[in-house]
Amino acid sequence: MKIKKGKRMEIKHRLIHGDSSKVLKSFPDESIHLAVTSPPYFNAREYSQWPTLSEYLEDMKKIFIETFRVLDNHRVFVLNVGDVNCQLGKQPWTNSRVPLGALFTVMCQQIGFKYVDNFIWHKGEPQSFRHMNGGNNYPFYHYPVNSYEHILIFHKHVLDSTRIPCPVCGTTQVQNNSQSEIGVQSWECNNEECSHRSPGNRGKRYSARSVMMDKGKTPENSIEKEFLQKWRKDIVTFSPVIKIIKGENRLGHTAPFPEDIPEMAIKLYTYKGDTVLDPFAGSFTTSVVAAKLGRNSVGIDMKKDYISLGLKRMKITLSQKRLFESHTHKIEVLDESDIKNISFEKSQVFNKEDYINESEKKNTKNLNKIKKI
Ligand SMILES: C[S@@+](CC[C@H](N)C(=O)[O-])C[C@H]1O[C@@H](n2cnc3c(N)ncnc32)[C@H](O)[C@@H]1O
Ligand SMILES: [Zn+2]
């Protein structure tokens, strides 16, 4: 997606109806720059009923494996989930606390994600008297009122030994350095003519990830101080979505997450023009926030009604003229069966293939300059 000077960037939003375990199969590898989602919580809602916990976990795993594959290297997966209480068998005495946060953490590690953080989202004051134990103020059978959910942060780092050219001179005459962290290959420039040499005559050290991060340091990608302050600690308080007004669900979805969650994920872990995926889109909150922040979005939900709801929310969001000042937005509604050869917008900041091609040109220019001198 090359943007000519004076031309507004086109941002695309895809609302896909279908089962993510199938839909994601048709996405290319490493084509998404952030995944942020909240899956159905096991047997907590009408849309999330499974015969057993292990069948539920297997279904979720299939989708997270695909999420890992489609996510670009050195990018982030943000997973919001609550621990639930539910009956694990037919009998009432099988009622148990199910630590979905812990189960998903281990599952994602097994898939290959690096577990990085667990924000505890404190949802405020719940209206419940569960702690009173039905008025029995003697020991045992006391349980706290649940007031938190997890926001789990995972990184994808797959060791890639493609020789990334030096960001200063563009040469591929570089040597292997140690990994800067597990899965992040680091390189050192060996070009004696490179303008970046240390006092001890060492070449520039860098990795695909550091090149991407350096390129992303532009004013449009800077994060406001107040926002960083809000997410300073791993316990963070903000309100859940109030959807029931006068006994009626005004939103049309039973379990939307607040905009705070995708806003955090998008601002902290993507650049303008990146593509954001939500494989359990629900009311398409992620797409709404992506649109507001100038990111492409891809949302998938298996329930047709939610596609209509998402479309309605997107149209309302995009009717705000401010969003069109620097971008034009396009919405596409698709079905599982239409997406055989789907492709997504490249990162404006760092795309490995483009970076290698552009560096080659830069290197040739540098070599010519040296020859002339
Ligand atoms: C917790 S809700 C997500 C809510 C969303 N974050 C929002 O703000 O509205 C989970 C959603 O996943 C959808 N879902 C469940 N299994 C799915 C699957 N295999 N593929 C696609 N969507 C699925 C449900 O229809 C539901 O809307
Ligand atoms: Zn160099």
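A residue is called exposed here if 12 or fewer other C-beta atoms lie within 10 Å of its own, and buried if the number is 20 or more. Keep that in mind; this is a predicted model, and I will use both words.

Start with helix α3. It covers residues 100-111, 12 residues in total. From first C-alpha to last it reaches 16 Å, close to the 16 Å expected at 1.5 Å a residue. Val106, Gln109 and Gln110 are exposed. On the other side, Leu100, Phe104 and Cys108 are buried. Seen down the helix axis, the buried residues fall within an arc of 60°, so they line one face of α3. As a reminder, an α-helix has 3.6 residues a turn, so residues three or four places apart point the same way. What do the buried residues of α3 pack against? The list is α2, β3, β4, β5, β6 and β7. After the helix comes glycine 112, with a positive phi near 130°.

Next, strand β15. Six of its six residues are buried. Asn296, Val298 and Ile300 point one way, while Ser297, Gly299 and Asp301 point the other way. β15 pairs with β1 in the parallel sense over five bridges, and histidine 17 stands opposite aspartate 301. β14 also runs parallel to β15, joined by four bridges; there, threonine 275 has asparagine 296 as its bridge partner.

Last, ligand 1. Around it are 20 residues, and Pro256, Phe280, Gly282, Ser283 and Thr285 come nearest. The elements giving two or more residues to this shell are α1 and, again, β15. By type, the shell divides into 10 nonpolar, seven polar and three charged residues.

Key: Residues are numbered from 1 along each chain as its sequence is written. Chains are lettered from A and ligands numbered from 1 in the order in which they are written. This is a predicted model: local features need pLDDT of at least 70, side-chain atom pairs count only at pLDDT 80 or more; totals for chains, interfaces and linings use all residues. A residue is near a molecule or strand if its C-beta atom, placed from the backbone, lies within 6 Å of it. Ala, Val, Leu, Ile, Met, Phe, Trp, Tyr, Cys and Pro count as nonpolar, Asp, Glu, Lys and Arg as charged, and the others, Gly among them, as polar. The expected span of a helix is 1.5 Å times one less than its number of residues. The arc is that of the directions from the helix axis to the C-beta atoms. Two residues are in contact if their C-beta atoms, placed from the backbone, lie within 7 Å. Two strands pair if DSSP finds at least two bridges between them.
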